[in-house]
Amino acid sequence: MLALTKPDPLASESVDTEGLLSDETELNGHVQRVAQSEYFAHSETLKRLLLYLWEHRNEEISEYAVATEALARRADFDPKTDASVRVQIGRLRQKLRDYYEAEKSGRGYMLHIPVGTHVLTILKVASGEYAAAGPPSVPFWSRALPQRLLFITWFLLLILSSWLL
């Protein structure tokens, strides 16, 4: 696997698909090309997941919804005990990376799923610059913000209690 470097923040920007009807057709075509590519030819599950995330890109979808609607899990699916959605999202993320590394021409767009989420994002990139830039990385502090706030709160309470005693 090719190591990806950190992207130049000026090289790619998020694309807002709201109200962009001319781009919408182009974006749909791009998603269909990716889904019909050889990278997804032998993986119906990942293809179905990609298309599901694309169809629901403007909605807040839960891990449960992804599992039951896209991955055909049973209604008693529990995301706390079953990591299958996270595993499949990780595999899809890797397939997309492989596709763009080999394709080298995203025709101006790149599909990306930030680490720690199951949200499909569309990035506008200069044609052929995916391999050089790679997908944007999500800073650790933004993924771990609730845990970090809990730790800081605990730490401050500890200091305050020792100071009061």
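## Arg57 and its partners

Let's start at Arg57, which lies over the face of Trp54, 3.6 Å from the ring centre. This is a predicted model, and Arg57 has a second partner in it: Glu24, with which Arg57 forms a salt bridge whose closest N and O atoms are 2.2 Å apart. Arg57 sits in the loop between helix H2 (44-55) and helix H3 (63-70), while Glu24 belongs to helix H1 (residues 21-35), so this bridge ties together parts that are 33 residues apart in sequence. Are the two residues of this bridge, Arg57 and Glu24, buried or exposed? Both Arg57 and Glu24 are buried.

## Other salt bridges

Side chains of opposite charge can pair when their charged atoms come close. Across the whole structure, a search finds four salt bridges. One of them joins Arg86 to Glu63, with 2.6 Å between the closest N and O atoms. Since Arg86 is part of helix H4 (residues 84-103) and Glu63 is part of helix H3, the pair ties together parts that are 23 residues apart in sequence. The two ends of this bridge have their own surroundings: Arg86 is partly exposed, at a relative accessible area of 43%, whereas Glu63 is buried, at 18%, a value under the 20% limit for burial.

Asp76 and Arg74 make another salt bridge, their closest N and O atoms lying 2.7 Å apart. Here Asp76 and Arg74 are both exposed.

## Aromatic pairs

Turning to the rings, the structure holds three aromatic pairs. Tyr64 and Phe77 have ring centres 6.5 Å apart and planes at 45 degrees, so their pair is tilted. Tyr64 lies in helix H3 and Phe77 in the loop between H3 and H4, so the pair ties together parts that are 13 residues apart in sequence. Tyr64 is partly exposed at 35% relative accessibility, while Phe77 is buried, with a relative accessible area of 9%.

Tyr99 and Tyr100 form an edge-to-face pair, 5.0 Å from centre to centre with 85 degrees between the planes. Tyr99 and Tyr100 are both buried, and ring pairs link them with Tyr39 into a cluster.

## The chain as a whole

Stepping back, the protein chain has seven helices and three strands, which follow the pattern β-α-α-α-α-β-β-α-α-α along the sequence. Of its 165 residues, 36% count as buried. Among contacts in the chain with a separation of 6 or more, 55% come from residues 24 or more positions apart. The accessible surface of the chain comes to about 10400 Å², and carbon and sulfur atoms account for 59% of that area.

Definitions and conventions:
Residues are numbered from 1 along each chain as its sequence is written. This is a predicted model: local features need pLDDT of at least 70, side-chain atom pairs count only at pLDDT 80 or more; totals for chains, interfaces and linings use all residues. Side-chain values use heavy atoms; hydrogens and water are left out. A salt bridge is a side-chain nitrogen of Lys or Arg within 4 Å of a carboxyl oxygen of Asp or Glu. Helices (H or I, at least four residues) and strands (E, at least two) are DSSP runs, numbered from the N terminus. Buried means under 20% relative accessible area, exposed over 50%, partly exposed in between (1.4 Å probe, protein chains only). Contact means heavy atoms within 4.5 Å. Accessible areas come from the Shrake-Rupley method with a 1.4 Å probe; for residues, only the protein chains shown count as cover. Rings of Phe, Tyr and Trp (its six-membered ring) pair if their centres lie within 6.5 Å; planes under 30 degrees apart count as stacked, over 60 as edge-to-face and the rest as tilted. A charge sits over a ring if NZ of Lys or CZ of Arg is within 6 Å of the ring centre and within 35 degrees of the ring normal.
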